[in-house]
Amino acid sequence: MTLNLDLETARRFILGKQGLWPGRRWRGGDGTEQAMRAIDYLQLDPLQIIARSHDILLWGRVLDYSPGGWEAVTYQQRQFFDWGGWLAVRPMEELPHWRVVMRRERDGGNDSYRRIHQMGIDHAEAIAEMRIILQERGIVRNRDFEMAARKRTTSYRGRKDSSLALYYLWRTGEVMTHHRENFERVYALTEAVAPAHLIRESDDAEADHFLIKKDVSFSGLARLKITSDASQRGVPLSQAEAQVEALLAGGDIIEVRVEGWKATHYALGSDAPLLHELSAGRVPQEWTPLEATTTEEVTFLAPLDPVSARGRGKVVFDFDYIWEVYKPADKRKFGYYTLPVLWGDRLVARFDSKLDRTSNTFIILGFWLEDAKLGQDEAFAEALARGFTRFVAFLGAAKLDATAVQEPLLRQRLAALSLTIEHR
């Protein structure tokens with residue numbers, strides 16, 4: 001089965017699968033859990049400029065979301081767990097599939113896993129020591145061990161052998177993240193975190209099918225590049241192509257061709273009804289927003305949002321987006337922490353900003369439109385002001401400084417918003 005889509009349908013499907021279009025359809029704590037399941041992977045990043053990337057991502061999908069809300073459903077309710085070199089939060093019930101990948105990393109079965117396997121060999125003594133300490137103490141932090149008493153390492157994963165030992169145990173499934181303190185992992189033995197019935201391994205073939213379908217679901221429409229996507233999730237390269245063929249034959253995934261895209265993409269077979277609804281020009285009923293649509297109120301995408309990060313913004317939206325946080329200052333085109341602006345189903349602008357915590361002021365450092373005509377568009381100006389109203393409240397800022405916005409209409413609307421914030 002092959003579906004043919006125009007680019008607008010493909011774009012709306014990718015946004016809708018991720019809960020970004022046509023508007024927020026989840027609310028509060030329960031909504032946070034629902035959103036985290038819908039997006040498949042919540043990629044975590046420690047960098048906090050205005051807010052962490054994963055918190056901005058959830059703010060864009062969940063009404064009444066507050067920074068750190070993901071931690072309650074993950075570490076208190078134990079609905080999720082975090083894991084991986086590509087660090088992401090994953091539903092707890094998926095643990096048996098991921099334990100297959102953890103075992104492969106421990107055994108070093110191919111090039112993708114040998115680094116972790118070698119870590120186990122190089123730091124065997126410290127690993128054995130950490131096992132005993134975890135049994136005795138229950139929970140352990142990296143900072144529990146003084147550098148002066150440890151063997152120094154040169155790994156970017158840690159400067160102490162104790163850090164690498166704990167990391168190795170976490171990657172191979174002997175320990176899990178019990179909770180986090182200032183984003184630092186606090187470790188505990190797996191049996192102290194996960195339900196006993198989930199501390200097992202799936203059948204290898206079952207796990208491989210799951211991992212490929214997970215890749216497809218996460219992307220909405222996936223290329224399934226056998227040399228990258230699958231290997232990052234743990235499917236052995238020697239088997240991945242055959243696994244894809246089997247999933248196609250069984251209808252678990254379907255081929256999709258998008259107008260203007262050269263490569264064949266794949267979607268979940270279960271998503272075919274959504275694609276047919278969208279192709280007919282209808283919004284799926286389950287995607288109905290709880291409040292404003294993205295046409296009535298813009299939203300902002302996180303730096304690591306899967307719909308726009310890693311070059312996808314150019315393919316899906318013709319919006320060339322690169323997170324410039326790791327670029328030298330003189331190499332940046334826009335700014336250190338630039339966020340895309342979603343209006344309707346298009347990325348139409350971007351802005352750089354900072355949160356001055358001394359004065360509790362949210363400062364727009366730069367604002368750039370893809371189409372200059374939008375600077376005179378009343379509907380866009382209203383939607384932009386509504387979006388910034390919600391974003392400033394999310395950040396807990398007391399003031400908004402929009403003097404850097406060059407367009408008079410947009411600056412005027414945001415200045416009026418700033419007065420409202422200051423007098424609320």
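**Notes on the predicted model**

1. Let me start at a sheet edge: Thr299 has Leu342 of strand 13 as its bridge partner. Strand 12 and strand 13 (residues 339–343) are joined by 2 bridges and run antiparallel. Keep in mind throughout that this is a predicted model.

2. Zooming out, these strands belong to an open sheet of 5 strands with mixed pairing, in the order 12-13-14-15-16. Strand 12 (299–300) and strand 16 (399–401) are the edges, each pairing on one side only. Helix 14 (residues 378–395) packs on this sheet and touches strand 12, strand 13, strand 14 (346–356), strand 15 (361–369) and strand 16. The direction of helix 14 makes about 145° with that of strand 15.

3. Now strand 1 (residues 2–5), which runs parallel to strand 10 (residues 253–258) and is joined to it by 4 bridges. Asn4 stands opposite Arg257 of strand 10. In a regular strand, side chains alternate between the two faces of the sheet. Strand 1 has Leu3 and Leu5 on its covered face, with Thr2 and Asn4 on the uncovered one.

4. On to charges. Side chains of opposite charge can pair when their charged atoms come close. Across the whole structure, 34 salt bridges turn up. One of them joins Lys214 and Asp40, at 3.5 Å from N to O. Lys214 sits in helix 9 (residues 204–219) and Asp40 in the loop between helix 2 (28–38) and strand 3 (42–43), so this pair ties together parts that are 174 residues apart in sequence. Lys214 and Asp40 are buried.

5. Helix 9 also supplies Asp208, which pairs with Arg104 of helix 5 (residues 95–107), linking distant parts of the chain that are 104 residues apart. The closest N and O atoms of the Arg104–Asp208 salt bridge are 3.0 Å apart. Are Arg104 and Asp208 buried or exposed? Both of them are buried.

6. The salt bridge between Glu174 and Arg131 comes in at 2.7 Å, N to O. Glu174 is in the loop between helix 8 (161–171) and strand 8 (175–181), while Arg131 is in helix 7 (residues 124–137), so the contact ties together parts that are 43 residues apart in sequence. As for burial, Glu174 has 29% relative accessibility and so counts as partly exposed. Arg131 is partly exposed too, with a relative accessible area of 33%.

7. If you are setting charges, have a look at the network of salt bridges that links Arg24, Arg27, Asp64, Glu291, Glu297 and Arg390.

8. Another acidic residue worth a glance is Asp271, in the loop between strand 11 (265–268) and helix 12 (272–279). Its relative accessibility is 8%, under the 20% limit, so Asp271 counts as buried. Which residues does Asp271 contact, leaving aside neighbours within four places in sequence? They are Phe13 and Lys17.

9. Next, empty space. Rolling a probe the size of a water molecule over the atoms shows where such space is left. The second largest pocket holds about 400 Å³. It is lined by 18 residues, and the closest to its centre are Asn142, Tyr156, Arg157, Gly158 and Arg185. Helix 8 and strand 9 (184–189) are the elements that give two or more residues to this lining.

10. How many cavities of 30 Å³ or more does the structure hold? There are 2, and the largest has a volume of about 60 Å³. The lining of that largest cavity is made by Tyr41, Gln43, Ser53, His54, Leu57, Trp86, Phe218, Leu304, Pro306 and Arg310. Helix 3 (residues 53–59) gives the largest share of this lining, 3 residues.

11. Last, helix 4 (residues 69–76), where Trp70, Val73, Thr74 and Tyr75 are buried. An α-helix has 3.6 residues a turn, so residues three or four places apart point the same way. The cover over the buried residues of helix 4 includes helix 2, strand 3, helix 3, strand 5 (80–83), strand 6 (88–91) and strand 8. After helix 4 comes Arg78, with a positive phi near 60°.

Terms used:
Residues are numbered from 1 along each chain as its sequence is written. This is a predicted model: local features need pLDDT of at least 70, side-chain atom pairs count only at pLDDT 80 or more; totals for chains, interfaces and linings use all residues. Side-chain values use heavy atoms; hydrogens and water are left out. Two strands pair if DSSP finds at least two bridges between them. Contact means heavy atoms within 4.5 Å. Axes are lines fitted to C-alpha atoms, for helices over the stretch in contact, and angles run from 0 to 180 degrees between N-to-C directions. A salt bridge is a side-chain nitrogen of Lys or Arg within 4 Å of a carboxyl oxygen of Asp or Glu. Buried means under 20% relative accessible area, exposed over 50%, partly exposed in between (1.4 Å probe, protein chains only). On a 1 Å grid over the protein atoms alone, a cavity is a set of points where a 1.4 Å probe fits but cannot get out, and a pocket is an open set with protein on both sides within 12 Å along at least five of seven lines; lining residues have an atom within 4 Å of a point. Grid points are joined across faces, edges and corners, and a volume is the space filled by probe spheres set on the points.
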